[in-house]
Amino acid sequence: MTKQKRKNEPEFSDWFYRDLFQQVPFNMAIIDKEYNIIEANANFTEYFGNWRGKKCYTVYKNLDYPCVGCNARLTFEDGKARVSDESGVDQFGKQAHYVVHLAPLRKRTNGPVEYIVEMSRDIIETKNWQMEYQLLFERVPCYITVIDRNYKIIRANENFRENFGDVVGRQCYEVYKKRKTQCPNCPARRTFHDGRVHHSDQVGIKKGGEKAHYLLTTAPLGRDTENIAHVIEISTDISHTKALEKEIIEAERLAAVGQTVAGLAHSIKNILMGLEGGMYIVGKGICKNDKVMLNQGWEMLERNLNKTTSLVRDFLSFSKGRLPDLVPVNPNRLAEEICELYKEIAAKIGVTLTVDLDKKITRAPLDPSGIHTCLTNLVSNAIDACRMSDKKNGEVCITTADKKGVLSFTVSDNGTGMDTEVKRKVFTTFFTTKGNQGTGLGLLTTRKIVKEHGGKISVHSKPGEGSYVTMAFPKKRLQALYEEKDSPDGTENK
Amino acid sequence: MKKKVILIIDDEPDVISYLSAVLDDVDYDIHSSDSTADGLEKARKLHPDLICLDIMMPEESGLSLYARLRRDECLATIPVIIISGMESQQEFDFRRYVGDRQIPPPERYIEKPINVEAFVATVRTLISVVPGEPDENTQRQRS
């Protein structure tokens, strides 16, 4: 049946095909069985330069002989079209990457292949992107691994390989943590499960056996969140930061030692003043044969000797350096315990002790005995401040809060308050405003315990209006301390 | 002749007893206060010839009271000895605690525990000086 010519169908004449051949936006060339280029289009000429009278391998690759494994030869033999990635040089000698489509040209259907049309497309940009991506993956200054559903590492970047060894094909938990079984709370497992990004703090072991602290992010690879085949694990090594943190804590400890020694000297000077005063009055009593004076001086000596005993006892207790014994506890319960303990004592001197608890607060790793000591010190100070005040209705309140990842206890009072001078000194010396009744170690001990928990203590006060002291504990630090205590060889966050 | 009046302000009763006993031997009229509020009231009432003042006290520090004394026209010229164990005599830097340049430094800073002879000599010197005219030592300390 003769094909009917459609309306508006162009006349396909020689000029049409010639023009189409020339204008097609690819490099096109026709070669014969001897690999001579017998025709090429404008794109080809622009890209490869003069081709007339040259062999295709000379034009494409600047060779004097046919390429090894030449696809054109195969197409001449079997008449099948082919596609291949090729590298060569352009007319300026610059490296060129292109995809080549080969198609056989026959004069007759099912006849022998007379010529081959080679259609090539420059993919140098794509190649460059691939190389850049590869370079980025390899050189990025963090650890990157890609794992499959069996937790087998299928790719790892240079930084990771340098630190964890030859890892491809091995289980991630074995490589990261030298474990034989999957890690509890594995973030990759969660990503495989829910298709979401997860973050966690981790401690692993490098190939040399040294500890590595890193922040890990796991993300699904692929668009389908239901059937995730691979997860990418990207982590930043924070071992150096952790080491610096330790150094800072050590420097703070040393500074605290200096302040403690200065404070001790201040306390001893006060006691010496009392002892010398006692001796002076005793001496005077003896000279004047004044029994009243003798007794007064003797009492001063006794009192100051007792103060020395108290100071030494408190100092020894303060100096006992120990790591906080962290266990998960309800912070509200600790506050309530202190309130129950002091409520009656406070009421006897006209002070109302209350709690204002954050009901949403969850259990947190704290040293219950240490926090008990801190709250005891703060509450007893607050009650004293109310007692020293002229106000009739003394009020002390213990408040708990959990805001922005920080757990806090605040003890507030409407007592005497402190001026700037007192506030400045309050943690730095064995400073007491309680005359004979205090050793000045209460707040210093409190600060020490708070710091051991990785927290901070702050004082806000106005003379005549009252004070509030806040102990703030970043929960991440509490968790890190807790995990460090429980698993020295590597841990992860929930 | 009327006895010179000295006011001791310190929250430590033992310090008050000690300083009173020392100064009583030199025949001064000694008064004392264990708080800054009471101390200020007594200073206004007695207008003493000298004030011995502690720094670390509840409610308000001795240096805050000192600043208030100096801002009070009636009390501004009374010589003040700061007696404290907080810092040594050499280390005591008044301007670290009181930034207001209108307030001159105290006449003396004496470190606890005191040297009785030196303390008495200082008291005698300051008391003999006409109020408002600093003695040689004061001038040296203030410069």
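Biologist: Of the 494 residues of chain A, what percentage count as buried?

Modeller: Happy to start there. This is a predicted model, and in it 30% of the 494 residues of chain A count as buried. For chain B, 44% of its 143 residues fall in that class.

Biologist: How many helices and strands does each chain have?

Modeller: Chain A comes to 15 helices and 17 strands, while chain B has six helices and five strands. In chain B you can also read the order of elements from the N terminus: β-α-β-α-β-α-β-α-β-α-α.

Biologist: In what order do the strands of the chain B sheet lie?

Modeller: The order across a sheet need not be the order along the chain, so let's look at this one. Chain B has an open sheet of five strands, ordered β2-β1-β3-β4-β5, with parallel pairing. β2 (29–33) and β5 (108–111) of chain B have a single partner strand each, so they stand at the edges and one side of each lacks a neighbour in the sheet. From one strand to the next, the twist averages 20°.

Biologist: Which helices should I look for against those strands?

Modeller: Try two of them. Helix α1 (residues 13–24) of chain B packs on the sheet and touches β1, β2 and β3 (50–53) of chain B, with its direction at about 170° to that of β2(B). Helix α3 (residues 62–71) of chain B lies across β1, β3 and β4 (80–84) of chain B, and runs at about 175° to β4(B).

Biologist: And how many bridges link β1 and β2 of chain B?

Modeller: Strand β1 (residues 5–9) of chain B pairs with β2(B) over five bridges, in the parallel sense. To find the pairing on screen, pick B:Ile6, which stands opposite B:Ile30 in β2(B).

Biologist: Which residues have the most contacts inside the largest nonpolar core?

Modeller: They are B:Ile51, B:Cys52 and B:Leu53, in a core of 40 residues. At least two residues of this core come from each of α9 of chain A and β1, α1, β3, α3, β4 and α5 (116–128) of chain B. The element that gives the most is α1(B), with seven residues. For a close-up, choose B:Leu53: beyond its neighbours within four places in sequence, its contacts include B:Ile9, B:Leu65, B:Tyr66 and B:Ile82. There is also a second, separate core of 31 residues, and A:Leu326, A:Ile338, A:Val379 and A:Phe409 are among them.

Biologist: How many residues of each chain are in contact across the interface?

Modeller: On the chain A side there are 25 residues, in contact with 22 residues of chain B. α9 (239–288), α10 (291–319) and α13 (420–425) of chain A each give two or more residues to the side that touches chain B. With 11 residues, α9(A) gives the most. By type, that side of chain A divides into nine nonpolar, nine polar and seven charged residues.

Biologist: One last residue: is A:Val113 buried or partly exposed?

Modeller: A:Val113 has 18 other C-beta atoms within 10 Å, and buried takes 20 or more, so A:Val113 is partly exposed. You will find A:Val113 in strand β5 (residues 113–122) of chain A. Leaving out residues up to four places away in sequence, A:Val113 touches A:Thr75, A:Phe76, A:Gly79, A:Pro104, A:Leu105 and A:Arg106. A:Glu77 is 36 residues from A:Val113 in sequence, yet their C-alpha atoms are 7.9 Å apart in space.

Terms used
Residues are numbered from 1 along each chain as its sequence is written. Chains are lettered from A and ligands numbered from 1 in the order in which they are written. This is a predicted model: local features need pLDDT of at least 70, side-chain atom pairs count only at pLDDT 80 or more; totals for chains, interfaces and linings use all residues. Two residues are in contact if their C-beta atoms, placed from the backbone, lie within 7 Å. Helices (H or I, at least four residues) and strands (E, at least two) are DSSP runs, numbered from the N terminus. Ala, Val, Leu, Ile, Met, Phe, Trp, Tyr, Cys and Pro count as nonpolar, Asp, Glu, Lys and Arg as charged, and the others, Gly among them, as polar. A residue is buried if 20 or more other C-beta atoms lie within 10 Å of its own, exposed if 12 or fewer, and partly exposed in between; C-beta atoms are placed from the backbone. Two strands pair if DSSP finds at least two bridges between them. Axes are lines fitted to C-alpha atoms, for helices over the stretch in contact, and angles run from 0 to 180 degrees between N-to-C directions. A nonpolar core is a set of buried Ala, Val, Leu, Ile, Met, Phe, Trp, Tyr and Cys residues joined through C-beta atoms within 7 Å.
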